[in-house]
Amino acid sequence: MTAVGPAPGWLDPLMLALTDDVRMARVVAIRPRAGGRAAAVLILIGAGAQGPEILFVERAANMRTHAGQIAFPGGARDAGDADLADTALREAAEETGVDRSGIDVLGSLPAAHVEVSGFDVTAVIGWWRERSPVGPADPREVASVPIIPVSWLTDPANRVRVYHPSGYRGPGFEVGGHLIWGLTAHLLDGLLDLAGWQQPWDQPRTIRVPARYLTDRPASGGPNAH
């Protein structure tokens, strides 16, 4: 774990949980590592006016994969990356322009395998110690960089189960006219559990993945696929 500067007390339960192998294993127990290509995403947590908040990216609408979807910044590990934390920080800087020197790495979740793409995805957890301006660094790939309060993500009115025509079922979050689903939602749901931020919600409530997220193009080419 990288040494960190002062952080708010509400991060303490999460930081403690990240050292508990049993608790972390439960986060991705249904999608364990399977020997695929290594990739990483950054779950960047900052302090906002409404408490903790998390940085996401909205994928550009014309992308071949994940078009219009909300995801964590991230991508495949490059040969020059020192480790998967370096991968996550590099990708986040390339996609959002965030200054990585203001981010402290708290730990990571066990790698989750994405069968349709073959990636083993490690979610790296970061504390946004020093905020920096962010926005779409490459509009061809990123349409916007939403920073969403955790209170919105845990609001019972925004929680759903989703199903996909392929048979996939999993957690979902309806926020700002978007649906967060797939691996992003699984990792987010696990993070909320570890941090103790979950709120009770109507778990039988189920919706179909909206048609705008379903295209004739392959939807399996990156680490954020369902």
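What percentage of the 226 residues in the protein chain is buried? Buried residues (under 20% relative accessible area, with exposed meaning over 50% and partly exposed in between; 1.4 Å probe, protein chains only) make up 52% of the chain. The structure is a predicted model, in which local features need pLDDT of at least 70 and side-chain atom pairs count only at pLDDT 80 or more, whereas totals for chains, interfaces and linings use all residues. Residues are numbered from 1 along each chain as its sequence is written, and side-chain values use heavy atoms, with hydrogens and water left out.

The secondary structure of the protein chain consists of 5 helices and 14 strands; these are DSSP runs numbered from the N terminus, with helices (H or I) of at least four residues and strands (E) of at least two. Contacts were defined by heavy atoms within 4.5 Å. Among contacts between residues at least 6 apart in sequence, 68% join residues at least 24 apart. The chain exposes about 9,900 Å², of which carbon and sulfur atoms supply 52%; accessible areas come from the Shrake-Rupley method with a 1.4 Å probe, and for residues only the protein chains shown count as cover.

Helix H5 comprises the 14 residues 182-195. Its end C-alpha atoms are 20 Å apart, in agreement with the 20 Å expected at 1.5 Å a residue, where the expected span is 1.5 Å times one less than the number of residues. Because 12 of the 14 residues of H5 are buried, the helix is largely enclosed by the rest of the structure. Among these buried residues are Gly182, His186, Gly190 and Ala195. H5 is followed by Gly196, which has a positive phi near 75 degrees.

H5 also contributes to the second largest pocket, which has a volume of about 180 Å³. The residues closest to the centre of this pocket, out of 11 that line it, are Arg26, Val27, Asp189, Gly190 and Asp193. Helix H2 (21-27) and H5 each supply at least two lining residues, and H5 gives the most, with 5. A pocket is here an open set of points on a 1 Å grid over the protein atoms alone, with protein on both sides within 12 Å along at least five of seven lines; lining residues have an atom within 4 Å of a point. Grid points are joined across faces, edges and corners, and the volume is the space filled by probe spheres set on them.

Strand pairing requires at least two DSSP bridges between the strands. Three strands form an open antiparallel sheet in the order E4-E3-E9. Its edge strands, E4 (70-71) and E9 (142-144), each pair on one side only. E3 (residues 57-59) and E9 run antiparallel and are joined by 2 bridges, with Val142 in E9 as the bridge partner of Arg59. E6 (residues 103-108) pairs with E8 (residues 119-128) in the antiparallel sense over 5 bridges, and Gly107 stands opposite Ile125 in E8. E6 is mostly covered, 5 of its 6 residues being buried.

Val114 lies in strand E7 (residues 112-114) and is buried, with a relative accessible area of 0%. Its C-alpha atom is separated by 9.9 Å from that of Arg37, 77 residues apart along the chain. Asn158 is placed in the loop between helix H4 (150-153) and strand E11 (159-163); at 17% relative accessibility, Asn158 counts as buried. Not counting residues up to four places away in sequence, Asn158 touches Trp152, Gly172, Phe173 and Glu174.

Methods: 1 Å grid on protein atoms, 1.4 Å probe; cavity = no way out; pocket = protein on both sides within 12 Å on 5 of 7 lines; lining within 4 Å.
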